[in-house]
Amino acid sequence: MYKSGYKVICVTSRKLAADFPAQLDRVTRSGIDRVILREKDLSETDYEHLLAQADAICRKNGAELIAHTYGNAALRLGIRRLHLPLHMLLAMGVSEKQKFDLLGASIHAPEEAIAAEAAGASYVTAGHIFPTDCKPGLPPRGIPFLRQTCQAVRIPVYAIGGITPQNAALCIEAGAAGICLMSSLMQADFPGIKYL
């Protein structure tokens, strides 16, 4: 459904969806490549329960699920993909990192992307690129920031923040390997919108 070669990643926010499991099912059936289950307000126990539910949905629909923050919960469920805030990635020991096949980090500067790559990140999410309701009052970093970040590292950089069908191509032209979407997918009745 999406343009070949570029990944479209759903970053979840269950509070935006009237029925989160049903919405995740719709989203993963729409052709999304990956889902980052970003529900940082949950306790580890509650997160693990939701992660198990999300894993079943993603497996059924052929989407790759990435856990967020709670690495031990992911490992208990046999999920070896984890996304972290940069400071958590930098604090991880080598043996802990080796437990995961895919490690991602959120970054907000080209220098942070370089640090993430050096620390063993498989990819980074860079943002926020455009104005977004998720970051009210905080100016976007823009396409020049994204371009500089993509040029600074060899690992994939995924753009996040305020991405729409009208501006997604700008991210790819700047060197991004794909885009991350939250609100538009968590609230869409028909989330299979072509962004690229």
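**The whole chain**

Show the protein as a cartoon: nine helices and eight strands make up its secondary structure. Its radius of gyration is 16 Å, close to the 16 Å that the globule rule gives for 196 residues, so the protein is as compact as a globular protein of that length. Keep in mind while looking that this is a predicted model. Along the principal axes, the C-alpha atoms fill a box of roughly 40 × 40 × 35 Å.

Now turn on the surface. The accessible surface comes to about 9,100 Å², and carbon and sulfur atoms hold 51% of that. Of the 196 residues, 52% are buried. Among contacts with a separation of 6 or more, 59% join residues 24 or more positions apart. If you colour by charge, there are 21 positive and 18 negative charges, and their mean positions lie 3 Å apart.

**Stop 1: helix H1**

Select residues 20–29, which form helix H1. Which residues of H1 are buried? They are Phe 20, Gln 23, Leu 24, Asp 25, Val 27 and Thr 28. An α-helix has 3.6 residues a turn, so residues three or four places apart point the same way. To see what covers the buried residues of H1, add strand E1 (7–11), strand E2, helix H2 (44–61) and helix H9 (183–187), which are among the covering elements.

Move on to Gly 31, which follows H1 and has a positive phi, near 110°.

**Stop 2: strands E2 and E3**

Select residues 34–37 for strand E2, then add E3; the two pair in the parallel sense over four bridges. To find one bridge, pick Val 35 and look for its partner in E3, Leu 65.

Next, show E3 alone, residues 64–68. Four of its five residues are buried, so E3 is largely enclosed by the rest of the structure.

Pick Glu 64, which is part of strand E3. Is Glu 64 buried, partly exposed or exposed? Its relative accessibility is 28%, which counts as partly exposed; the buried class ends under 20% and the exposed class begins over 50%. Beyond residues up to four places away in sequence, Glu 64 touches Asp 33, Arg 34, Val 35, Arg 81 and Leu 102. Draw a distance from Glu 64 to Ile 9: the two are 55 residues apart along the chain, and their C-alpha atoms are separated by 9.3 Å.

Then step to Thr 69, in the loop between E3 and helix H3 (71–76). Thr 69 has a positive phi of about 75°, although it is not a glycine.

**Stop 3: strands E5 and E6**

Select residues 102–107, strand E5, together with E6: these strands pair in the parallel sense over four bridges. Ala 105 stands opposite Val 124 in E6.

Hide E5 and look at E6 from both sides. In a regular strand the side chains alternate between the two faces of the sheet. On one side of E6 are Tyr 123, Thr 125 and Gly 127, on the other Val 124 and Ala 126, and all of these are buried. E6 is thus mostly covered, with five of its five residues buried.

**Stop 4: the loop after E6**

Zoom in on the peptide bond from Gly 127 to His 128: it is cis, with omega near 0°. His 128 lies in the loop between strand E6 (123–127) and helix H7 (142–152).

Further along, Thr 132 sits in the loop between E6 and H7. Thr 132 is buried, with a relative accessible area of 16%. Not counting residues up to four places away in sequence, Thr 132 touches Gly 161 and Gly 162.

Now pick Gly 142, in helix H7. At 15% relative accessibility, Gly 142 counts as buried. Leaving aside neighbours within four places in sequence, Gly 142 is in contact with His 128 and Ile 129. For a longer line across the model, join Gly 142 to Leu 102: they are 40 residues apart in sequence and 27 Å apart in space, C-alpha to C-alpha.

**Stop 5: Gln 166**

Finish at Gln 166, in the loop between strand E7 (157–160) and helix H8 (168–173). Buried or exposed? Gln 166 counts as exposed, at 69% relative accessibility. A last distance leads back to an earlier stop: Gln 166 and Gly 31 are 135 residues apart in sequence and 19 Å apart in space, C-alpha to C-alpha.

Key. Residues are numbered from 1 along each chain as its sequence is written. This is a predicted model: local features need pLDDT of at least 70, side-chain atom pairs count only at pLDDT 80 or more; totals for chains, interfaces and linings use all residues. Side-chain values use heavy atoms; hydrogens and water are left out. The radius of gyration is taken over C-alpha atoms; the globule rule is 2.2 Å times the number of residues to the power 0.38. Buried means under 20% relative accessible area, exposed over 50%, partly exposed in between (1.4 Å probe, protein chains only). Contact means heavy atoms within 4.5 Å. Accessible areas come from the Shrake-Rupley method with a 1.4 Å probe; for residues, only the protein chains shown count as cover. Lys and Arg count as positive and Asp and Glu as negative; His and the chain ends are not counted. The place of a charge is taken as NZ of Lys, CZ of Arg, CG of Asp or CD of Glu. Two strands pair if DSSP finds at least two bridges between them.
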